[in-house]
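User: I am new to reading protein models, and I would like to understand how the descriptive words are earned. Could you take me through the reasoning, term by term?

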Amino acid sequence: MSAPHTDVEQVELANRAFYEAMEQGDFETLSSLWLAPADVGVDEEYHDPAETGVISCVHPGWPVLTGRGEVLRSYALIMANTEYIQFFLTDVHVSVTGDTALVSCTENILSGGPAPDGSDELGPLVGQLVVATNVFRRTSDGWKLWSHHGSPVLTESDDDEGEESSS
């Protein structure tokens, strides 16, 4: 087993690689960062790896997705429909116990959709705040994502603030 500080650094690198793959739209790299059935001893000859529920993901506002097929399909859809995305991670905390690591962070997301018809420019940029928990598992190929859960952070709107001050 490696030293605890080394484990934390390796998990931080794996977590960063996950977000960088999203930013770059690199589906192949993103896929390689998630646990595969073989990583957890599931015999792919007898189990369909696309349906084996070894990984899970909750995108903000989505139901729970389980299995490589569902999870990776969701990322393919997000990448296909997002022209630009950038993550600024804050409040990152890494905890490692044995072969499991937990990363909690705030995703400060800036994203843009497809260009309006006839334009070469990005669609409008939108900011979003999401708190995320990423669970990693140590494998022979390094730390791999086991689960990702993102929840939107609700903020008060200007209307809410105006109502409070007029009360």
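Analyst: What follows is a set of questions about terms, each answered by setting a value against its definition. This is a predicted model, in which local features need pLDDT of at least 70 and side-chain atom pairs count only at pLDDT 80 or more, while totals for chains, interfaces and linings use all residues. Residues are numbered from 1 along each chain as its sequence is written, and side-chain values use heavy atoms, with hydrogens and water left out.

User: What makes Phe18 and Tyr19 an aromatic pair, and which kind of pair is it?

Analyst: Rings of Phe, Tyr and Trp (its six-membered ring) pair if their centres lie within 6.5 Å, and planes under 30 degrees apart count as stacked, over 60 as edge-to-face and the rest as tilted. The structure holds five aromatic pairs. In the one formed by Phe18 and Tyr19, the centres are 4.9 Å apart and the planes stand at 65 degrees, which makes it edge-to-face.

User: Why is the pair of Trp34 and Tyr75 called tilted?

Analyst: Its angle of 45 degrees is neither under 30 nor over 60, so the pair is tilted, and its centre-to-centre value is 6.0 Å. Trp34 lies in the loop between helix H2 (27-32) and strand E1 (56-58), whereas Tyr75 belongs to helix H3, 41 residues apart; helices (H or I, at least four residues) and strands (E, at least two) are DSSP runs, numbered from the N terminus. Phe18, Tyr19, Trp34, Tyr75 and Phe87 form one aromatic cluster.

User: How do you know whether the length of H3 agrees with what is expected of it?

Analyst: The expected span of a helix is 1.5 Å times one less than its number of residues. For the 14 residues of H3 this gives 20 Å, and the end C-alpha atoms are 20 Å apart, so the two agree.

User: Why is Asp91 counted as buried, partly exposed or exposed?

Analyst: Buried means under 20% relative accessible area, exposed over 50%, and partly exposed in between (1.4 Å probe, protein chains only). Asp91, at 62%, therefore counts as exposed, while Val153, at 30%, is partly exposed. Both Trp34 and Tyr75 are buried.

User: What makes the phi of Asp91 worth a remark?

Analyst: Most residues other than glycine have a negative phi. Asp91, found in strand E3 (residues 84-97), has a phi near 55 degrees, a positive value in a residue other than glycine.

User: What makes Arg137 count as lying over the face of Trp146?

Analyst: A charge sits over a ring if NZ of Lys or CZ of Arg is within 6 Å of the ring centre and within 35 degrees of the ring normal. Arg137 lies at 5.1 Å from the ring centre of Trp146, over its face.
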